[in-house]
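Hello,

I am handing this structure over to you. Please have a look at it first; my notes on what I found follow below.

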Amino acid sequence: MNHPRPKARLSRALGIPLTRKCVKYFERRPFPPGVHGRQRRKTSDYQVRLLEKQRLRHQYNVSEAQLRRAFDEAHRGAGKTGESLIALLERRLDAVVHRAGLARSIYQARQLVNHGHFTVDGRTVDRPSYRLRPGQVVAVRERSRQAPPFQLAATGANAGDGPGRPYLSVALTDLRATLVREPARHEVPVVCDEQLVVEFYSR
């Protein structure tokens, strides 16, 4: 989904860098944007929970309706609602493409999926919200493999500095990734106190 606000400005409002490119801007000005960004503000419990929900929403680049549906599904399921919510979001096709290093950001991942560059178990899927099941294989379509973004991804340029995700089996040279199992909360690199998100929607 498209956001009218520049990513760097949105990152400062949320208090976290949303992309690698935003890191330097965020470090230079680690305070909210605007004339009164530096001023200390009183925050209510509602504001704290709202900010945490917005952080989660923008890290996955989903709409409010999509996040609410995911929360309702997590709430109906077994286990802790917050952890289940993160797991559901992490199994989205665009999130898996990003985590596997096949795209440099969640925003690029969403665009590439929308343009039909990926297959799931050999079938083209162009819905970023498609939810993978353990054992399913995501791969770059044969006719898209020579495109510059995927040639770059195959070199490991998007893999980042951190360790790989244990719930994913990735073969970057083959431009392929497999969801091995459900992701555990401590394995997901999302900056969020999911309990505050649960409290926001449960109010």
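**Overall picture**

Of the 203 residues in the protein chain, 47% count as buried. Please keep in mind that this is a predicted model. The chain holds 9 helices and 5 strands. Along the sequence, the pattern reads α-α-α-α-α-α-α-β-β-β-α-β-β-α. Contacts across the sequence matter for reading the fold. Among contacts with a separation of 6 or more, 56% join residues 24 or more positions apart.

**Helix α1 and its partner**

Start with helix α1, residues 7-14, and helix α3, residues 45-59. Their axes come within 10 Å and cross at roughly 145°. The crossing of α1 past α3 is left-handed. Which residues make the contact? From α1 come Leu 10, Ala 13 and Leu 14. From α3 come Leu 51, Gln 54, Arg 55 and His 58. By class, this contact has 4 nonpolar, 2 polar and 1 charged residues.

Leu 10 deserves a look of its own. This residue is found in helix α1. Is Leu 10 buried or exposed? Its relative accessible area is 5%, under the 20% cut-off, so Leu 10 counts as buried. Leu 10 and His 58 are 48 residues apart along the chain, yet their C-alpha atoms are separated by 8.9 Å. Leu 10 has company: Ser 11, Arg 12 and Leu 14 of α1 are buried too. Just after α1, Gly 15 takes a positive phi of about 85°.

**The nonpolar core**

Next, the core. The largest nonpolar core has 49 residues. Those with the most contacts inside it are Leu 56, Tyr 60, Leu 85, Leu 93, Val 97 and Phe 118. Which helix gives this core its largest share? That is helix α7, residues 106-114, with 5 residues. Where does the core lie? Domain 1 (7-88 + 191-202) and domain 2 (100-185) both give residues to it, so the core lies between them.

**Phe 118, Phe 150 and Ser 144**

Phe 118 is a good place to zoom in. Neighbours within four places in sequence are left aside here. Its contacts then include Val 97, Leu 102, Leu 112, Val 113, Val 138 and Phe 150. Arg 123 and Arg 141 are also among them.

Follow that link to Phe 150, which lies in helix α8. At 1% relative accessibility, Phe 150 counts as buried. Not counting residues up to four places away in sequence, Phe 150 touches Leu 102, Leu 112, His 117, Phe 118, Val 140, Ser 144, Arg 145 and Leu 175. Its C-alpha atom is separated by 7.9 Å from that of Ala 103, 47 residues apart along the chain.

Ser 144 sits in the loop between β3 (137-140) and α8 (148-154). Ser 144 is buried, with a relative accessible area of 4%. Leaving out residues up to four places away in sequence, Ser 144 touches His 117 and Phe 150. His 117 is also on the contact list of Phe 150.

**Helix α9**

Last, helix α9, residues 194-202. Which of its residues are buried? They are Glu 194, Leu 196, Val 197, Val 198, Phe 200 and Tyr 201. These buried residues pack against α3, α4 (64-76) and α5 (81-90). Helix α3 thus turns up again, as it is also the helix that α1 crosses.

Best wishes

Key
Residues are numbered from 1 along each chain as its sequence is written. This is a predicted model: local features need pLDDT of at least 70, side-chain atom pairs count only at pLDDT 80 or more; totals for chains, interfaces and linings use all residues. Side-chain values use heavy atoms; hydrogens and water are left out. Axes are lines fitted to C-alpha atoms, for helices over the stretch in contact, and angles run from 0 to 180 degrees between N-to-C directions. Helices (H or I, at least four residues) and strands (E, at least two) are DSSP runs, numbered from the N terminus. A crossing is left-handed if the near helix is turned anticlockwise from the far one by less than a right angle, and right-handed if clockwise. Contact means heavy atoms within 4.5 Å. Ala, Val, Leu, Ile, Met, Phe, Trp, Tyr, Cys and Pro count as nonpolar, Asp, Glu, Lys and Arg as charged, and the others, Gly among them, as polar. A nonpolar core is a set of buried Ala, Val, Leu, Ile, Met, Phe, Trp, Tyr and Cys residues joined through side-chain atoms within 4.5 Å. Buried means under 20% relative accessible area, exposed over 50%, partly exposed in between (1.4 Å probe, protein chains only). Domain bounds come from an automatic or database domain assignment.
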